Amino acid sequence: MSVTVLALPSIRQRGFTLVEVLVAILLLSIGLLGVAGLQISGLRYQQGAYTRSQATALLTDMADRMRINPQGVGAGSYNAITINTTSTNWQASLPADPNCATNICTPANQVALDTRQWGLALGQLPRAIGTVTRNGLIFTLTITWQDLDSNAEAPTNQTASLNVQINNP
């Protein structure tokens with residue numbers, strides 16, 4: 001007695017099914033959204049680092065300006081400087097340009113020029129406030145600005161400070 005087994009023709013599946021393609025596209029989309037989010041975060045943090053480096057450069061710039069003008073330091077002209085770029089029309093509070101490029105600058109004119117140029121440079125930082133204060137021979141230079149790279153809903157303020165000793169002439 002022989003048993004006959006009917007063999008079904010083998011059907012080989014070729015290609016992908018629509019469900020597999022849709023799942024692959026979904027996974028790829030989620031991955032690309034993650035990469036885009038990382039790119040945006042990286043750009044935001046890069047901007048914050050750039051702002052911090054600019055604030056540090058402005059602190060050393062003003063310290064160098066003070067070292068170059070020892071007569072202005074001795075006269076007390078750098079003892080209390082405050083520049084607030086958060087108010088409207090803040091440029092009007094800066095000293096007038098003494099035009100030291102064509103005129104001979106006195107130490108007082110140099111202080112006015114230094115303050116004006118430092119203030120205009122501070123205006124490049126977001127909502128910056130720059131101060132110079134004196135305690136004995138120690139000058140404290142401080143810049144506070146609005147930090148745009150934080151993940152908080154409300155921007156936070158960052159502060160950079162530099163203490164410099166400048167001897168009277």
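This passage walks through the sheet, the helices that lie across it, and the core of a predicted model.

The sheet is a good place to start. It is open and has four strands in the order β1-β2-β3-β4, with antiparallel pairing. β1 and β4 sit at the edges with a single partner strand each, so one side of each goes without a neighbour in the sheet. On average, neighbouring strands here are turned by 15 degrees against each other, direction ignored. As for what holds such an arrangement together, strands of a sheet pair through backbone hydrogen bonds, either parallel or antiparallel.

β3 (138-147) has a partner on both sides. Seven bridges link it to β2 in the antiparallel sense, and I129 stands opposite T144 of β3. β2 and β3 make up a hairpin with two residues between them, and in the turn G136 takes a positive phi of about 70 degrees. Towards β4 (residues 156-165), β3 is joined by ten bridges, and this pair also runs antiparallel. Two of the pairings with β4 can be picked out: Q146 has N157 as its bridge partner, while T142 is matched with S161. Seven of the ten residues of β3 are buried, so the strand is largely enclosed by the rest of the structure.

Two helices lie across this sheet. α1 (18-68) crosses β1, β2, β3 and β4, and runs at about 155 degrees to β3. α3 lies across β1, β2 and β3, at about 35 degrees to β1. The length of α3 also checks out: its 16 residues (107-122), at 1.5 Å a residue, should span 22 Å, and the end C-alpha atoms are indeed 22 Å apart.

The buried residues of α3 are V111, A112, L113, D114, T115, W118, G119 and L122. Their cover includes α1, β2 and β3, along with α2 (70-74) and β1 (80-84). The acidic member of that list, D114, deserves a closer look. D114 has a relative accessibility of 2%, and therefore counts as buried, the cut-off being under 20%. Leaving aside residues up to four places away in sequence, D114 touches M62, R65 and Y78. With Y78 there is a polar contact of 2.5 Å between the two side chains.

That leaves the nonpolar interior. The largest nonpolar core has 25 residues, and M66 and I143 touch the most other members. The elements giving two or more residues to this core are α1, β1, α3, β3 and β4. α1 gives the most, with six residues. The contacts of I143 are listed here without residues up to four places away in sequence: A55, L58, L59, W118, L122, L125, I129, G130, Q158, T159 and A160. Two of these, W118 and L122, also appear among the buried residues of α3.

Definitions and conventions. Residues numbered from 1 in each chain as written. Predicted model: local features only at pLDDT ≥ 70, side-chain atom pairs only at ≥ 80, totals over all residues. Heavy atoms only, no water. Expected span 1.5 Å × (residues − 1). Buried < 20%, exposed > 50% of the residue type's maximum accessible area, 1.4 Å probe, protein only. Contact = heavy atoms within 4.5 Å. Pairing = 2+ DSSP bridges. Axes fitted to C-alpha atoms, helices over the stretch in contact; angles between N-to-C directions. Polar contact = N/O pair within 3.5 Å; in protein donor to acceptor, adjacent residues only side chain to side chain. Core = buried A, V, L, I, M, F, W, Y, C linked by side-chain atoms within 4.5 Å.
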